[in-house]
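Biologist: I have just opened this one and do not know my way around. Can we go through it step by step?

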Amino acid sequence: MTTNEPQTAEELLNAVGPAFSKLRRTSLLEVENPISAKDLSRTLVLNIVLEHTRDSDKEITVGAVADLLAVDPSVASRMVTDNIKAGYLIRAASQQDGRRTVLLLSPEGVDLMARFRRHQRAAFEYITTDWAERDRLEFARLMLKYVGSLARLNDRAVADDAEGS
């Protein structure tokens with residue numbers, strides 16, 4: 001262990017935030033099928049659309065993208081428009097409310113996300129190549145558990161908003 005590594009529980013927990021900041025940048029690693037910085041940015045929106053439309057009866061709007069990214073609706077609108085111009089997203093009439101416009105991944109968007117997932121896995125495998133298999137799988141399991149627990153943070157924000165109203 002080098003002296004730069006956290007030694008105490010407090011130091012370790014304080015190091016988590018900066019470590020998460022570095023995670024997104026590792027997605028640009030020059031591994032198999034590199035993703036351009038522009039397409040990496042686009043995957044933020046595409047991933048939200050993909051996650052929130054997995055069930056065939058679920059739909060997502062630009063407003064929902066703004067809420068989920070915690071950005072101004074005009075910023076989300078520009079991000080969505082960029083994805084549409086790039087051919088990754090399609091605007092469509094809602095099947096539940098014809099007055100609403102919803103977002104769908106185009107076949108090109110589905111292809112980009114599949115390529116992005118392969119790239120993410122290749123980066124993970126490259127970064128952890130010298131780890132014991134048990135450690136790699138345990139880290140992956142704990143990361144998924146952490147991400148699965150993020151809903152609690154959103155639930156808290158919603159509850160805080162309701163109290164403030």
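Modeller: One term first: partly exposed describes a relative accessible area between the buried limit, under 20%, and the exposed limit, over 50%. Glutamate 138 has a relative accessible area of 34%, so glutamate 138 is partly exposed. Keep in mind that this is a predicted model.

Biologist: OK. Which residue does glutamate 138 form a salt bridge with?

Modeller: Arginine 141 is the partner, and the closest N and O atoms are 2.7 Å apart. Arginine 141 is partly exposed too, at a relative accessible area of 43%.

Biologist: Where do glutamate 138 and arginine 141 lie?

Modeller: Both are in helix 6, which covers residues 133-148. They sit three residues apart, about one turn of the helix.

Biologist: Which residues do salt bridges with shared partners join into one network?

Modeller: The network consists of Lys38, Asp39, Arg42 and Asp82.

Biologist: Take aspartate 82 and arginine 42, then. What is the N to O distance in their salt bridge?

Modeller: The distance is 2.8 Å, N to O, between the two side chains. Aspartate 82 belongs to helix 4 (residues 73-85) and arginine 42 to helix 2 (residues 37-52), so the pair ties together parts that are 40 residues apart in sequence.

Biologist: Does arginine 42 count as buried or exposed?

Modeller: Arginine 42 counts as buried, with 14% relative accessibility. Aspartate 82 has 22%, which makes it partly exposed.

Biologist: And how many salt bridges does a search of the whole structure find?

Modeller: The search finds nine. One more to look at is the bridge between the side chains of arginine 134 and aspartate 135, at 3.1 Å, N to O. Arginine 134 counts as exposed at 64% relative accessibility, while aspartate 135 counts as partly exposed at 33%.

Biologist: Why can side chains of opposite charge pair at all?

Modeller: They can do so when their charged atoms come close.

Biologist: Change of topic: rings. How many aromatic pairs are there?

Modeller: The count comes to two. Phenylalanine 124 and phenylalanine 139 form a stacked pair, with 6.2 Å centre to centre and 10° between the planes. Phenylalanine 124 is in helix 5 (residues 107-127) and phenylalanine 139 in helix 6, 15 residues apart, and the pair links distant parts of the chain.

Biologist: What about tryptophan 131 and phenylalanine 139?

Modeller: Their ring centres are 5.6 Å apart and the planes stand at 80°, so that pair is edge-to-face. Ring pairs thus link Phe124, Trp131 and Phe139 into a cluster.

Biologist: What is the relative accessibility of tryptophan 131?

Modeller: Tryptophan 131 has 34% and counts as partly exposed. Phenylalanine 139 is partly exposed with a relative accessible area of 34%, and phenylalanine 124 counts as partly exposed at 27%.

Biologist: Now zoom out. How many helices and strands does the protein have?

Modeller: There are seven helices and two strands. Starting at the N terminus, the order is α-α-α-α-β-β-α-α-α.

Biologist: What share of the residues count as buried?

Modeller: The protein has 165 residues, and 22% of them count as buried. About 11600 Å² is exposed, with carbon and sulfur atoms supplying 55% of it.

Biologist: Last one: what share of the contacts with a separation of 6 or more comes from residues 24 or more positions apart?

Modeller: Residues that far apart account for 51% of those contacts.

Conventions. Residues numbered from 1 in each chain as written. Predicted model: local features only at pLDDT ≥ 70, side-chain atom pairs only at ≥ 80, totals over all residues. Heavy atoms only, no water. Helix = DSSP H or I, 4+ residues; strand = E, 2+ residues; numbered from the N terminus. Buried < 20%, exposed > 50% of the residue type's maximum accessible area, 1.4 Å probe, protein only. Contact = heavy atoms within 4.5 Å. Areas by Shrake-Rupley, 256 points an atom, 1.4 Å probe, with all protein chains shown as cover. Salt bridge = Lys/Arg side-chain N within 4 Å of Asp/Glu carboxyl O. Phe/Tyr/Trp six-rings, centres within 6.5 Å; stacked < 30°, edge-to-face > 60°.
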